[in-house]
Every structure is written in structure tokens, then in C-alpha cells.
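Below are some comments on the model you sent. They go chain by chain, then turn to the backbone details that deserve a second look.

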Amino acid sequence: MGNLLENMQGIPLNHYLIFCSIIFVIGVIGVLIRRNVIIIMMSIELMLNSVNLLLAAFSAYLGDPSGQVFVFFIMALAAAEVAVGLAIIIMVYRNTKSVDIESLNKLRW
Amino acid sequence: MTIFYFVAFLSIFFALMTIFTKNPVHSVLYLVITFFTFTVHYILLNAQFLAVVNFIVYMGAIMVLFLFVLMLLNLNKDTEPMKSHLVKFMGVIAGMCLLVTFLGAFRVLETNNEFVQGHADIGLVKNLGKVLFKDFLLPFELSSILLLTAMVGAVLLAKKETRTNQNG
Amino acid sequence: MKEFIWMLPLIPLLGFLMIGLVRKSSPKPLISIIGCGTILISFLLSCGIFKEVYDARLAGGEGIIYQEVFNWFTVGSFNFNISFLVDPLSSIMLLIITGVGFLIHLYSVGYMAHDGGFGKYFSYLNLFIFFMLILVLGSNYLVMFIGWEGVGLCSYLLIGFWFKNSNYAKAAKKAFVMNRIGDLGFLIAMFFILVNFGSLEFQEVFPAAGQLAMGDSTLLVITLLLFVAATGKSAQIPLFTWLPDAMAGPTPVSALIHAATMVTAGIYMIARSNIMFTLSPVTMQLIAIIGVATALIAAFIAITQNDIKKVLAYSTVSQLGYMFLGLGVGAFTGAFFHVLTHAFFKALLFLGAGSVIHAMSDEQDMRSMGGLKKYLPITYITMLIGTIAIAGIPPFSGFFSKDEILAHAFVASPLFWGLGFLGALCTAFYMFRLLYLTFFGSFRGTENQKHHLHESPVQMTIPLIVLAVLSVLGGVINLPEALHGGTWLADFLSPVFAQTNAVVEPFHLSHSTEYILMGASALGAIIMALFAYNKYVKKSEIPEADGSSEQSGLYKLSYHKLYIDQIYDTLFVRPLNGLSKFLHTYVEKLGIDRLVNGIGDLFVSSGKGIRQLQSGNVGFYIFMMVVGVIAFMLYGLFTI
């Protein structure tokens with residue numbers, strides 16, 4: 001354990017920021033380029049996780065446990081979101097026999 | 001130190017694999033690996049409790065839920081709808097723009113480039129629990145209500161509507 | 001009695017509400033009882049109040065009762081009360097309004113018996129009495145203005161009572177618009193008074209006004225504006241054309257509104273504000289000129305009119321002109337005296353004419369009448385009395401009041417007297433012409449009408465008889481000094497005109513001059529009566545049918561009412577219509593409408609365009625969201 005601690009001592013905060021941004025953007029790109037609703041939701045999870053990690057990094061940086069508590073809450077939220085979201089997807093699939101986001105084209109004028 | 005960069009590289013690689021793989025089942029599996037790398041990151045940050053929760057809740061519960069749904073709906077590579085290349089290209093460009101904006105923001109804000117100091121204690125269940133049940137008691141209780149409603153909502157949504165079936 | 005002052009206007013209002021609410025469901029006798037009863041109660045109350053004032057005057061007091069009913073509203077330092085003022089002037093007006101009003105109500109029961117709008121008619125009449133009482137009782141200009149506007153409204157409603165005839169509706173509209181012009185003057189005058197004196201209460205304004213110098217410019221503006229208001233309400237040049245048209249209403253309405261009460265409101269208002277007018281000689285001069293011109297022109301027009309009500313209408317305008325002449329030369333008492341006697345004999349004449357029309361099955365053209373003397377004896381006798389009274393033949397009431405005005409006019413300027421005298425001759429002529437054409441000679445109507453001829457029912461003849469008695473005796477209350485009379489009215493009213501009397505020199509005319517003037521006017525009236533007798537009874541001349549080529553130029557001028565309606569039409573109505581049309585087609589349609597519709601169209605079309613973005617493609621929505629996030633972040637970056 002002590003070895004690991006020493007290992008991470010040398011990481012600048014900026015690198016965490018950049019790394020998390022990259023993961024976040026990958027999530028965004030995933031949302032943009034995929035049509036499968038489930039994949040889109042997974043990409044959203046990816047984004048959430050990148051933010052989680054950043055919060056944890058800030059927490060460690062500042063020595064304040066509040067950041068990690070936030071992460072905890074975000075996880076609870078994500079769990080709720082996934083449960084409801086997947087239920088909706090199942091409903092949609094039952095009605096349209098598809099998980100294509102293009103089939104949800106009733107959200108219009 | 002090098003462990004971080006190695007794991008970060010792995011995270012980015014598997015994240016990319018997640019979104020670019022055609023087969024949704026593979027996507028989920030890649031995402032599981034990505035989340036595993038995140039767990040490693042948490043350990044590196046000395047957030048042991050989060051690492052455990054991440055491992056159990058995300059990799060265990062949520063990802064299994066995804067996989068379960070995918071298999072329930074019987075989705076595979078053949079049924080996967082794909083966007084045109086132009087849209088994909090546009091999406092990547094937009095994402096890159098966002099990244100550039102982020103990086104520009106960090107630069108402008110001149111974020112502190114000091115090293116992240118690990119604290120051995122704060123990530124322990126004992127300390128987190130104290131904070132959670134002292135300072136964040138109300139949000140904690142609210143989140144429990146949120147989970148309850150989400151559960152009820154999910155059950156209600158996914159339940160087969162017998163009435164509709166009779167009519168249909 | 002004075003604690004009941006507030007009830008005086010309230011009772012007719014209650015009558016209005018009761019009749020107005022139940023008019024569809026209740027029988028005519030009930031409506032008649034409520035309609036007449038409320039006015040009768042008001043009349044009795046007025047009598048009591050008058051007695052109180054009278055006793056006070058006998059005891060040497062001023063007889064002024066001020067009663068505040070409630071505080072209406074307060075704006076800044078200005079406090080507006082609903083409050084009533086009873087003094088000798090308003091107490092007599094109360095008697096006229098409720099007394100003559102009651103007689104006319106009674107008459108209407110018979111006159112309107114077969115009309116479908118019986119209940120509506122009585123509710124309007126009661127409302128009218130209510131507003132008239134408010135006008136007279138108001139202790140400040142604001143309360144007076146409420147009544148002023150209210151009688152205008154009621155006049156509109158009653159003139160247009162038979163609104164299904166579009167000409168009648170137009171006449172009502174004309175009366176309303178003309179009155180509005182005058183009302184504007186009243187409003188602006190009120191603003192001036194408020195600004196200059198800080199109050200609208202008579203008891204505060206008049207003493208303050210009395211402090212100002214003779215010919216003060218503020219007073220000039222105020223009095224001119226008030227005079228404009230009076231010309232509208234009291235049908236003077238140039239706003240008099242509505243009154244002859246107002247004969248479209250039922251005849252008792254003409255008697256009530258256009259003879260006895262509403263048209264005298266202007267005179268009442270000027271008499272009330274006498275000190276302000278006395279202190280602005282320019283306005284007084286103008287009033288006298290307008291008054292005498294109106295008297296003369298209206299009398300001139302009346303000579304050739306063939307419609308019995310039109311003759312009386314122009315006669316009313318003419319008599320109102322005399323009253324204004326009286327005001328203009330400072331004979332406030334004389335003018336008010338004439339208001340009083342005129343209310344009697346003109347109401348009598350209108351009601352008599354109504355009786356004739358009633359008997360003639362709604363025929364109003366005198367050329368189709370004639371020889372009604374033996375069919376309508378009571379109407380004939382009462383109308384004869386009224387005619388003598390208005391013509392100014394002694395000892396009937398009209399002689400004394402008109403003579404007092406003319407005597408004052410003579411002192412002011414012999415020219416005024418001459419023109420007034422000329423008008424008086426015309427008056428005598430056209431009134432006797434009316435009488436002879438209607439009651440003498442042979443019947444000229446159809447057989448059917450002849451068959452129906454009958455004397456009016458008793459509820460119509462009683463008011464005629466009462467008014468006839470009053471017309472005969474009305475002059476007694478203010479016999480001139482020259483005839484060893486008591487000038488009772490002048491004494492009674494003196495507190496109202498006290499300020500004026502203190503400013504101007506007392507009226508003085510040697511008795512011999514006064515005898516000559518009296519003799520001249522009495523003789524002139526008798527000569528004109530004989531002349532008319534010669535022309536219309538002996539020679540049995542009948543006015544020719546319309547458009548006859550044998551009419552002389554002067555006759556045509558008079559017959560077509562000096563073409564005043566046409567002149568107004570060309571001068572005001574048509575240019576205004578043209579301007580309105582221009583504004584409608586070019587400014588409204590092409591300018592404002594286009595702008596407004598253009599703005600609407602802009603948003604509709606842009607909405608249609610932007611609506612295409614809402615394609616229902618969720619992927620596109622997300623893409624736009626990302627673009628939006630980037631844009632926000634960039635904005636944040638560059639604003640830090």
C-alpha cells in the first residue's frame with residue numbers, strides 16, 4: 001500500500017484534469033456517433049465516471065473527504081438513472097421492436 | 001508514477017474500444033474493463049472505499065444490468081444500427097472541439113500544477129462514514145428516496161401492460 | 001327636513017332600479033305607481049326643504065344648507081366629497097324639477113299607455129330625475145358634473161327611445177356628441193378651477209374668485225370654458241342643432257328634458273357661478289351676443305316650420321337665448337325667473353302638443369290639422385294660455401320674465417333690446433300661427449284620423465290644467481318694481497347673487513322708460529297675434545307643400561333652418577369623415593395594420609423556418625446540445 005502511495009505522489013493535478021477530460025469527450029463522442037440507445041447510455045456512464053474520478057482526485061488533492069461523498073451520491077444517482085433508463089428502453093423496444101434512437105422521432109412539432 | 005500513465009492509457013484505449021466496437025455485447029465488456037481501470041485509479045488515489053463501491057456497484061450491478069438487457073433484447077452485431085460516416089465524422093469533430101475547449105479552459109484558468117498529495121486516511125470507510133452521516137445526512141436520506149422512486153418507476157415501466165395486450 | 005336632503009335624489013334612483021329590474025314582469029299600473037310615486041315623494045320632500053329655506057329667509061338668514069354625504073376620494077391634498085348644497089336657487093330648481101317632473105310622469109302614464117317600452121320609459125325618466133337632482137344639489141363642480149353627464153346620458157337614451165327608427169337613433173347620437181363637446185369645456189374648466197383655487201367646492205371657490213380683480217385672465221378662461229359647456233347643454237349657437245332633432249323622443253320627454261329641466265342646466269350653472277362671470281366682462285358680452293343671436297335665429301327658423309314639435313323646439317332654443325341674454329347683461333334673477341316661467345308654459349305647450357299628436361294618431365304636421373278646437377277643448381284652452389304666456393302678453397307669466405330680461409338688455413345696450421324685441425315679435429307670431437293652424441279653421445287630415453279624434457284621458461289633462469294655472473300666475477312671484485310688485489324672487493335669491501350685487505352697480509331704469517318698454521312689447525305681441533289671425537284664420541292660408549317654387553328666398557332660408565345643418569355638415573362632418581377615411585385606409589390599414597400584421601407574420605414565418613429544426617431526430621438534438629455546451633464554455637472562456 002505504501003508503495004502505491006509513493007507511486008501516485010508524483011502526478012500533477014493537471015494530468016488528472018486532462019485525462020478525465022479525454023474520457024469525458026470519448027463519452028460525448030460515443031453519444032454522438034452511436035444509434036443504439038443502450039450504447040448511448042453506456043457512454044453517459046462513461047462521462048459520469050470521468051467526473052467521479054476527477055472529484056476523487058480533487059478530494060485527494062485538497063485532503064477533503066467531501067469530494068468522495070459526492071462521488072458516492074453520483075453513483076447512487078447513476079444507479080437510479082440506469083434502472084429507469086433501461087426500463088424505458090425495454091418499453092420502447094416492446095413498442096417499436098428496435099433500440100434505434102432514430103425510431104424515437106416523435107419528439108417533434 | 002508510471003503506473004498511473006499506464007492505467008490511464010488503458011482507460012482511454014478501452015473507452016475508445018467501447019464506443020467504436022460494433023457489437024454491443026463487446027461494447028459492454030470493454031466498458032467493464034474501462035471501469036476496472038477506474039477502480040485501479042481510485043486505489044491509486046487512496047480512495048479505497050470508492051474503489052470497492054465502484055467495483056461492486058458499477059462493474060457488478062450496473063454493467064450486469066446492461067448486459068442483461070442487451071441479452072434480453074437479443075441484440076448483436078447484425079441488428080446494430082449504425083450512423084453514416086459523415087455523422088460519425090461530425091460527432092468526432094464536435095467531441096474534439098469540446099476537448100480543445102476544455103484544455104483551453106484549463107490553460108486560461110491556470111490550474112494549479114502541483115502534485116496531488118495522497119492522504120492515507122480520508123478514503124477509509126470510517127472517515128467517509130463520519131462525513132456522510134454528519135454533514136451530508138439530509139442528502140443521504142434524500143438519495144435513498146430517489147432510489148426508491150427509481151425502483152418503483154422502473155418496475156412500473158418495464159411491467160407488461162396486460163390491458164394493452166388484451167386489446168392488441 | 002334638511003336631514004332628508006340625501007334622500008331626495010336617492011328615491012328616484014330607487015324607482016329607477018325597481019322599475020328597471022322588474023319592468024318585464026310587472027304590470028303597467030304598478031310601474032306607473034312606482035314611477036310617479038317616487039317623484040311625488042321627492043316633490044313633497046322638496047316642498048319641505050323649500051319651506052325650510054323660505055323660513056330661514058323670512059327670518060333674515062341666508063337659507064343655505066350644506067350637507068356632506070360622504071367622502072368620495074382624496075388625491076394628494078385635494079379632498080372630494082359627495083355633498084349637497086341647498087340654497088334659494090337650488091331649492092326653487094328642486095321644486096321645478098320634481099313638480100314639473102311629477103306632472104310629466106303623470107301625463108306619460110296616459111301618453112305612453114300603448115307603448116311596448118312602458119317600463120323602460122319610466123325607468124329612464126326616473127334616472128333622469130335622479131341625475132337632474134344631483135346636478136342641482138351638488139355642492140361642488142364635480143358632483144354637478146356627475147349630474148351634468150348623467151342627464152346627457154338619459155337624454156340620449158330618451159331621444160333614442162324608439163331606436164328602431166334609424167333617424168331617431170341618429171338624432172340621439174347627434175345630441176350626445178354635441179353635448180360631449182360642451183362637456184369637454186366643463187371638464188377643462190374644472191381643471192382650471194382646481195389648479196387656481198385648489199378646490200371645487202362652491203363655498204370655497206366663489207369667495208376666492210371674488211377676491212380677484214375685474215377682468216382677471218384666469219376667470220376669463222374658466223368662464224369661457226364654462227360657457228362652452230352651457231352652450232352644449234342649453235342649446236345655444238353654435239351647438240343648438242341637436243335640440244330640434246331631439247324631438248325624435250316621445251313628446252313628454254321633450255317637455256321634461258328639452259323644456260323644463262335639462263336645457264336649463266347651463267343657465268343654472270352660470271347663475272350659480274355668477275361671481276366668476278360678473279368679474280369677466282368679456283365673457284358676459286359674449287354670452288349676451290350669443291344669447292340674442294340664438295333667440296333671433298331660432299325664432300326666425302320657427303316661423304316657417306310645419307312640424308308642431310319642431311316649432312316648439314325652436315321656440316325653446318329661442319327662449320333659452322333670452323335667458324342667456326339675461327345672464328349676459330347681468331340679469332341673473334331675470335334669467336332665472338324666465339327659467340321658472342318657461343318651465344311652466346313650455347312644458348304646458350309640449351304636453352298640449354303631445355295631446356294633439358295623441359289625438360291625431362301620431363300626426364305631427366300642422367298642415368294636416370286644423371279645427372281641433374271643438375274636439376279637444378281642454379287642450380285648446382290650456383294651449384291658448386301657454387301661447388299667450390310665451391308670447392309675452394300681460395298679465396301672463398311670460399310677459400314679466402321676458403320683460404325683465406329685455407329691460408336689463410335695454411340698460412346694457414338698446415341694440416340688444418331691439419334685437420330681443422324683434423325676436424319677441426317673431427315668438428308671438430309663430431306661436432299664434434301654431435295655435436291657429438292647429439285649432440282653428442277646418443280639419444285637413446284624413447277621414448280615419450277625424451274618426452279617432454278625442455280629448456285626452458284625465459291623467460293627461462290634469463297636468464295641462466295645473467301647468468296652465470301656473471303659467472297664468474307664475475309671473476306674480478317677481479312683479480317688477482315699476483308695477484308696484486314685490487320682486488319677491490329677487491329678494492329670495494339675493495344671497496346667491498350677493499357677491500355679484502356687491503360688485504356691480506344696482507340696476508336702474510326710470511319707471512317711465514320701463515312703462516314704454518313694457519307697452520311696446522305687449523303691444524307688439526298683440527299686433528303679431530292679430531296679424532297671424534288675419535293670415536291664418538281669416539285668409540285661411542296654409543303653408544305650401546315642401547319644394548313649392550312660390551316660396552320667397554327668405555321663407556326658404558327660414559324653412560331650411562338657415563342651412564345650418566348643411567353648413568355644419570360641410571364644415572365639420574364631411575372633412576372629419578374624409579380625414580377618418582384617409583386615416584383608416586392609409587394610416588390604419590397600410591401603416592399600423594401592416595406593421596402589426598408584419599410583426600406577427602415575421603414570427604410566424606420564422607417559427608415555421610425554425611420549426612424544421614425540431615425534426616424529431618434525437619441524435620440531432622444531442623448534437624446541438626453538445627454544440628451549445630461548447631458555445632457556452634467558449635463564451636465563459638472569453639468573458640473571464
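1. Read from the N terminus, chain B runs α-α-α-α-α-α-α. In this predicted model, the chain has seven helices and zero strands. Of its 168 residues, 29% are buried. Among the contacts of chain B with a separation of 6 or more, 60% are between residues 24 or more positions apart.

2. Chain A is also written as helices, in the pattern α-α-α-α. The count is four helices and zero strands. Buried residues come to 57% of the 109 residues in chain A. For contacts between residues at least 6 apart in sequence, the share in chain A that joins residues at least 24 apart is 44%.

3. The next point is the contact between these two chains. Chain B puts 76 residues into the contact and chain A puts in 65 residues. On the side of chain B, two or more residues come from each of helix H1 (2-20), helix H2 (24-44), helix H3 (48-72), helix H4 (85-109), helix H5 (125-134) and helix H6 (137-158). Which helix gives the most to that side? H4(B) does, with 11 residues. By class, the side of chain B that touches chain A is made up of 55 nonpolar, 17 polar and four charged residues.

4. Chain C contains a strand pair. Strand E1 (residues 65-75) and strand E2 (residues 78-86) of chain C pair in the antiparallel sense, over nine bridges. One of the pairings puts Phe70(C) opposite Ile82(C), its bridge partner in E2(C). The two strands form a hairpin with two residues between them. Gly76(C), in the turn, has a positive phi of about 60°.

5. How many of the 11 residues of E1(C) are buried? The count is one, and the strand is hardly covered. A reader looking at the hairpin may wish to keep this in view alongside the pairing with E2(C).

6. Two backbone features of chain C fall in one loop. Pro238(C) is found between helix H8 (217-233) and helix H9 (242-245), and the peptide bond that joins Ile237(C) to Pro238(C) is cis, with omega about 5°. Ala235(C) lies in the loop between H8 and H9 of chain C as well. Although Ala235(C) is not a glycine, its phi is positive, at about 55°.

7. Is Ala235(C) buried or exposed? With 30 other C-beta atoms within 10 Å, Ala235(C) is buried, because the cut-off for that class is 20 or more.

8. A positive phi also occurs in chain A, at Lys97(A), which is not a glycine; the value is about 60°. Lys97(A) sits in the segment after helix H4 (66-96) of chain A. Here the surroundings give 11 other C-beta atoms within 10 Å, so Lys97(A) is exposed, the limit being 12 or fewer.

9. To sum up the backbone points, the places to inspect in the display are the cis bond between Ile237(C) and Pro238(C), the positive phi of Ala235(C) and the positive phi of Lys97(A). Ala235(C) is buried, whereas Lys97(A) is exposed.

Terms used
Residues numbered from 1 in each chain as written. Chains lettered and ligands numbered in written order. Predicted model: local features only at pLDDT ≥ 70, side-chain atom pairs only at ≥ 80, totals over all residues. Contact = placed C-beta atoms within 7 Å. Nonpolar A, V, L, I, M, F, W, Y, C, P; charged D, E, K, R; others polar. Pairing = 2+ DSSP bridges.
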